[in-house]
Amino acid sequence: MKLISGIQEMQLESRSTRSEGRTIAVVPTMGFLHAGHASLISMARRKADVVITTIFVNPTQFGPGEDYQRYPRDLERDYNVAESHGTDILFTPDAPSMYPEPYRTFVDVDSVTQMLEGASRPGHFRGVATVVAKLFHITDPHFAFFGQKDAQQVVVIRQMVRDLNFDVEIVVGPIVREEDGLALSSRNTYLSPTERDHSTILHQALKLAEDMIAGGERNSARIIAAMKSLIDDQSSARIDYLSIAHPDTLREISDLNEHHEIRILVAAWFGVTRLIDNTTVEVRGGNSR
Ligand code: AMP
């Protein structure tokens, strides 16, 4: 595995890979790699000739007071995880070279960035879209891999790719979970033992919603109320949002009868740590419009 931190060196490498007729897959990450990242790298390995894993804790997607400074970093461990899952190039640019002063250009995706994560974290998706656009220009991939864990991020990136004519196929990997259901996240390391214990309530609430829908419930408000009361019972949990939405647009849905597939999304605080999770549910007997 090659370790590259220079932007120009990465661009030259991608250019020469393409000129040899070989395909490139990129897996953008913020590092502190876990099995969720590893599954994306393995998928990329099966899809393309050259796999680039990027590690960059992107300052522009963190709001003031968020965890940019203390975000976990461990390049040595990341190196081993990336290499053992088939990465060819580990690209690790630094912030001053990604955002040289004076930096003035950002990518703003409209509408789909306004709700959910966008409402709770103003400016977050502007940072995400900007860094992903930059990483696409630098790595020039045929395929880019993202996790369903960040469902809204996938919607935003797909919109950007369409709107800005990026010639990149977006591939989405399933959510990888701990045995007790907690979705893997680099931020799980922040949780105290009690918070870690309580954090499985998010997955349990999603399961509860799935069971209610399987049992015939079609009213979003009732499903959300049941999820809320389950989560509220955990003393360390504080709900940020709960939403039942269209799987592609993430627009809220009130009557499930009108839909064939829906997505349920949750964000909650456990102490100072904010966790997100989601699931897709097929609505039997629902329309496909
Ligand atoms: P991050 O390093 O948190 O920015 O995540 C990098 C990529 O890994 C994103 O596309 C995430 O959606 C994806 N990812 C993070 N956690 C998981 C998970 N538990 N399962 C699957 N993909 C994940």
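The legends below go with close-up views of a predicted model.

**View 1. The ligand and the residues that surround it.** Let's start with the shell, in which 17 residues surround the ligand. The closest of them are His37, Gly147, Asp150, Val176 and Leu184. Sorted by class, this shell holds 9 nonpolar, 6 polar and 2 charged residues. Helix H2 supplies the largest share of the shell, 3 residues.

**View 2. Polar contacts to the ligand.** Three of the closest residues are worth a look atom by atom. In the side chain of His37, an N or O atom sits 2.9 Å from an oxygen atom of the ligand. Asp150 also uses its side chain, with a polar atom 2.6 Å from a ligand oxygen. Leu184 takes part through its backbone instead: one of its backbone N or O atoms is 2.9 Å from a nitrogen atom of the ligand. How much of the ligand's accessible area does the protein cover? On its own the ligand has 480 Å² of accessible area, and the protein covers 92% of that. Two or more residues of the shell come from each of strand S2 (24-29), helix H2 (35-47) and strand S5 (143-147).

**View 3. The largest nonpolar core, with Phe136 in focus.** This core has 43 residues, and Phe136 and Met160 touch the most other members. Helix H6 (residues 124-139) gives the core its largest share, 9 residues. Which residues does Phe136 touch, if those up to four places away in sequence are not counted? They are Val26, Pro141, Ala144, Phe146, Met160, Val161, Phe166, Val168 and Ile170. Elsewhere, a second and separate core has 25 residues, including Leu242, Ile244, Ile253 and Val281.

**View 4. Leu135 in helix H6.** Here we stay on helix H6, where Leu135 has its place. Is Leu135 buried or exposed? Leu135 counts as buried because its relative accessibility is 4%, and the limit for buried is under 20%. Beyond its neighbours within four places in sequence, Leu135 is in contact with Pro28, Thr54, Phe91, Met98 and Asp140. For a long-range reference, Ile7 is 128 residues apart from Leu135 along the chain, while the C-alpha atoms of the two are separated by 9.4 Å.

**View 5. Thr29 in strand S2.** Thr29 belongs to strand S2, one of the elements that give two or more residues to the ligand shell. With 8% relative accessibility, Thr29 counts as buried. What does the side chain of Thr29 reach at 2.9 Å? One partner is the backbone nitrogen of Gly31. The backbone oxygen of Thr54 is also 2.9 Å from a polar atom of the Thr29 side chain. Setting aside neighbours within four places in sequence, Thr29 is in contact with His37, Thr53, Thr54, Ile55 and Phe56. His37 in that list is also among the residues closest to the ligand.

**View 6. Thr87 in a loop.** Thr87 lies in the loop between helix H3 (75-84) and strand S4 (89-91). Thr87 has a relative accessible area of 5% and is therefore buried. Where do its polar side-chain atoms find partners? The side chain of Thr87 makes a polar contact of 2.8 Å with the side chain of Thr53. A polar atom of the Thr87 side chain also lies 2.8 Å from the backbone oxygen of Ala82. Not counting residues up to four places away in sequence, Thr87 touches Met1, Ile41, Val51, Thr53 and Ala82. Thr53 in turn links this view to the previous one, since Thr29 is in contact with Thr53 too.

Technical notes: Residues are numbered from 1 along each chain as its sequence is written. This is a predicted model: local features need pLDDT of at least 70, side-chain atom pairs count only at pLDDT 80 or more; totals for chains, interfaces and linings use all residues. Side-chain values use heavy atoms; hydrogens and water are left out. A residue is near a molecule or strand if one of its heavy atoms lies within 4 Å of it. A polar contact is a pair of N or O atoms within 3.5 Å; within protein, one must be able to donate a hydrogen and the other to accept it, and residues adjacent in sequence count only if both atoms are side-chain atoms. Accessible areas come from the Shrake-Rupley method with a 1.4 Å probe; for residues, only the protein chains shown count as cover. Helices (H or I, at least four residues) and strands (E, at least two) are DSSP runs, numbered from the N terminus. Ala, Val, Leu, Ile, Met, Phe, Trp, Tyr, Cys and Pro count as nonpolar, Asp, Glu, Lys and Arg as charged, and the others, Gly among them, as polar. A nonpolar core is a set of buried Ala, Val, Leu, Ile, Met, Phe, Trp, Tyr and Cys residues joined through side-chain atoms within 4.5 Å. Buried means under 20% relative accessible area, exposed over 50%, partly exposed in between (1.4 Å probe, protein chains only). Contact means heavy atoms within 4.5 Å.
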